[in-house]
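Reader: I'd love a close look at one part of this fold, with the strand pairing taken residue by residue. After that, please carry on to whatever else is worth seeing in the side chains.

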Amino acid sequence: MGAPLSGPAPGPAFEFRVLGPLRVFKDGDELPMSANRELAILACLLLNANRVISVDRLVEAVWAGSAPRSAWRQVAICVSRLRRRLGAGVIETSSPGYLLRAPDDSIDWLRFTAMVARAREQAARDQQGAVTLLREALALWSGSPFEDLRGLRYDVARMAEWRLEALETCLELEIELGRHHQVIPELLALVAESPFRERVRAQLMLAQYRAGRRAEALRTYQETRRFLLEQIGLEPGPALRRLHEQILRDETALMRPPAQRPAPVVPSQLPPQVLPFVGRDGELAGLDAALRPGREAPGALVVTGPPGVGKTTLVLRWAHARIDWFPDGQLFADLAGIEGHAVLDRFLRALGERDLPADHAEKVALYRSRTARRRMLVVLDNAGDGDEVASLLPGGPGCRVVVTSADPLDDLVARQGAHRVFLAPLGEEAARELADMLVGAAGTALGPEAVTDLVATSCGNPLSLRLGAARLRTRVARV
């Protein structure tokens with residue numbers, strides 16, 4: 001064997017923990033982190049890792065609406081101190097703010113959300129495997145995040161909701177697996193922690209009933225009813241009332257776990273990639289940053305530019321490379337010449353629906369219900385206006401939507417908060433590389449001037465390059 005190839009020395013290994021007190025480890029050693037302002041800025045950057053965060057958002061994270069006039073300057077000072085502590089290259093300046101670069105597996109919050117998403121996808125075929133994943137994810141939590149940082153209260157609420165939903169899903173699966181005795185103590189604690197969550201109270205009632213504690217299950221319902229009436233003046237919801245009636249009647253169906261749910265339909269509608277593909281590294285990285293799982297994303301991402309500039313080619317390249325981010329399926333529709341309601345019908349059938357409602361609003365509601373808990377990608381190609389896109393936006397936070405359009409779709413950006421990428425023609429070097437690959441052996445027969453002329457006349461437009469290269473190959477084949 002030959003000697004190993006030499007290369008640059010690897011940078012320091014970081015581990016960031018935010019699921020509890022914020023802690024930072026560099027090459028295994030914990031770094032001291034004490035200043036509240038620096039902690040707030042670092043926490044905000046970590047929750048949005050590999051994504052640009054504006055200075056205004058960092059100001060809000062630090063001062064929560066009561067910022068002094070010198071806030072921007074103080075943020076810059078805090079970032080400078082963080083850079084000295086973390087080392088070069090971790091926090092970058094990028095208009096209109098800053099960006100923290102870190103692998104997803106170095107941040108426990110991103111590991112947690114990725115594991116929960118995998119568990120939900122796995123639950124339909126392997127409940128025990130899903131429980132194991134969820135327990136591993138929940139074990140990452142060591143306390144309440146960012147307790148003293150008022151500017152991150154909405155982020156804290158979002159994180160707490162993710163944790164509670166993961167725990168509820170885990171306990172529900174364990175009850176289905178027959179572990180009702182084991183989960184009762186945990187459910188009692190969870191009811192005390194989140195008394196308004198009726199799903200948890202229903203799980204406790206079912207576990208108590210299956211454990212032979214019928215009287216306790218009925219008492220849990222009465223306590224729930226009294227609590228809700230006293231606190232908000234409402235009766236328990238229909239699901240809880242139905243379970244109460246089933247327990248009163250000793251319905252035998254309650255004593256056995258429900259039948260294994262059929263695996264959800266997983267559509268895979270992406271067209272093949274357009275090859276060869278060159279350049280666009282910056283644009284692909286931008287799509288990664290905007291659409292990465294485990295964080296809030298815009299309602300849609302619009303890739304816009306002149307005809308033939310390669311919008312669809314770019315999106316398909318990215319989508320195929322990131323297909324593992326969307327284990328619950330990928331939907332695709334070319335909107336040119338087709339009305340949005342017809343596309344909605346296609347999407348619903350692709351998701352396994354057969355009896356579609358006649359009313360369009362009901363179809364939209366059904367579509368969003370079927371996508372609410374999925375991690376899916378929806379690609380809408382050649383969109384003409386924002387209205388047809390709006391009705392095709394899925395309902396779940398784990399879904400991502402990419403739209404291509406020659407129109408900038410200002411209305412979609414304004415109304416839905418869509419992110420937008422303006423795609424420019426290829427640079428001269430990338431255009432030359434693509435032309436050489438497309439022309440191939442025909443370039444030798446025609447001489448270098450033919451390829452040079454093709455690059456010049458195309459002005460970096462990939463479609464023009466592809467059409468011109470096809471004509472050149474045809475000319476050589478006819479000689």
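Author: Let's start with strand E7 (residues 301-304), which runs parallel to E11 and is joined to it by four bridges. Strands here are DSSP runs of E with at least two residues, helices are runs of H or I with at least four, and both are numbered from the N terminus. Two strands are said to pair if DSSP finds at least two bridges between them. Please keep in mind that this is a predicted model: local features need pLDDT of at least 70 and side-chain atom pairs count only at pLDDT 80 or more, while totals for chains, interfaces and linings use all residues. Residues are numbered from 1 along each chain as its sequence is written, and side-chain values use heavy atoms, with hydrogens and water left out.

Within the E7 and E11 pairing, Leu 301 has His 419 as its bridge partner, and Val 302 has Arg 420. Helix H11 (residues 281-291) packs on this sheet and touches E7, strand E10 (400-405) and E11; contact means heavy atoms within 4.5 Å. The direction of H11 makes about 160 degrees with that of E7. Such angles run from 0 to 180 degrees between N-to-C directions, with axes fitted as lines to C-alpha atoms, for helices over the stretch in contact.

E7 also runs parallel to E10, again with four bridges between them. There, Thr 304 stands opposite Ser 405 of E10. Now look at where the E7 side chains go: Leu 301 and Val 303 point one way, Val 302 and Thr 304 point the other way, and all are buried. Buried stands for under 20% relative accessible area, exposed for over 50%, and partly exposed for what lies in between, using a 1.4 Å probe and protein chains only. In a regular strand, side chains alternate between the two faces of the sheet.

Stepping back, E7 sits in an open, parallel sheet of five strands, ordered E8-E9-E10-E7-E11. Strand E8 (330-334) and strand E11 (419-422) are the edges, each pairing on one side only. On average, neighbouring strands of the sheet are turned by 15 degrees against each other, with direction ignored.

For a counterpart, try the open sheet of three strands, with the order E4-E6-E5 and antiparallel pairing. Its edge strands are E4 (53-54) and E5 (91-94), each with pairing on one side only. E5 meets strand E6 (residues 97-100) over four antiparallel bridges, and one of the partner pairs is Thr 93 with Tyr 98 in E6. Helix H3 (residues 71-86) lies across E5 and E6, at about 145 degrees to E5.

On to the charged side chains. Opposite charges can pair when their charged atoms come close. The structure holds 28 salt bridges, each being a side-chain nitrogen of Lys or Arg within 4 Å of a carboxyl oxygen of Asp or Glu. One of them joins Arg 101 and Glu 92, with N to O at 2.7 Å. Arg 101 has 44% relative accessibility, so it counts as partly exposed, and so does Glu 92, at 27%.

Another salt bridge joins Arg 120 to Glu 165, with the closest N and O atoms 3.5 Å apart. This pair links distant parts of the chain, 45 residues apart: Arg 120 is in helix H4 (residues 108-122) and Glu 165 in helix H6 (residues 153-176). Arg 120 is partly exposed, with a relative accessible area of 27%. There is also a salt-bridge network, which links Glu 161, Glu 168, Glu 172, Arg 197 and Arg 199.

Two last stops involve helices. His 244 lies in helix H10 (residues 238-248) and counts as buried because its relative accessibility is 12%. Apart from neighbours within four places in sequence, His 244 is in contact with Met 205, Leu 218, Tyr 221 and Gln 222. Ile 232, by contrast, is partly exposed, with a relative accessible area of 47%, and belongs to helix H9 (residues 214-232). Together with Phe 196 and Leu 234, Ile 232 makes a nonpolar surface patch of about 300 Å².

Methods:
Patches are made of residues with over 30% relative accessible area and no salt bridge: like charges are joined within 9 Å, nonpolar side chains (Val, Leu, Ile, Met, Phe, Trp, Tyr) within 5 Å. Accessible areas come from the Shrake-Rupley method with a 1.4 Å probe; for residues, only the protein chains shown count as cover.
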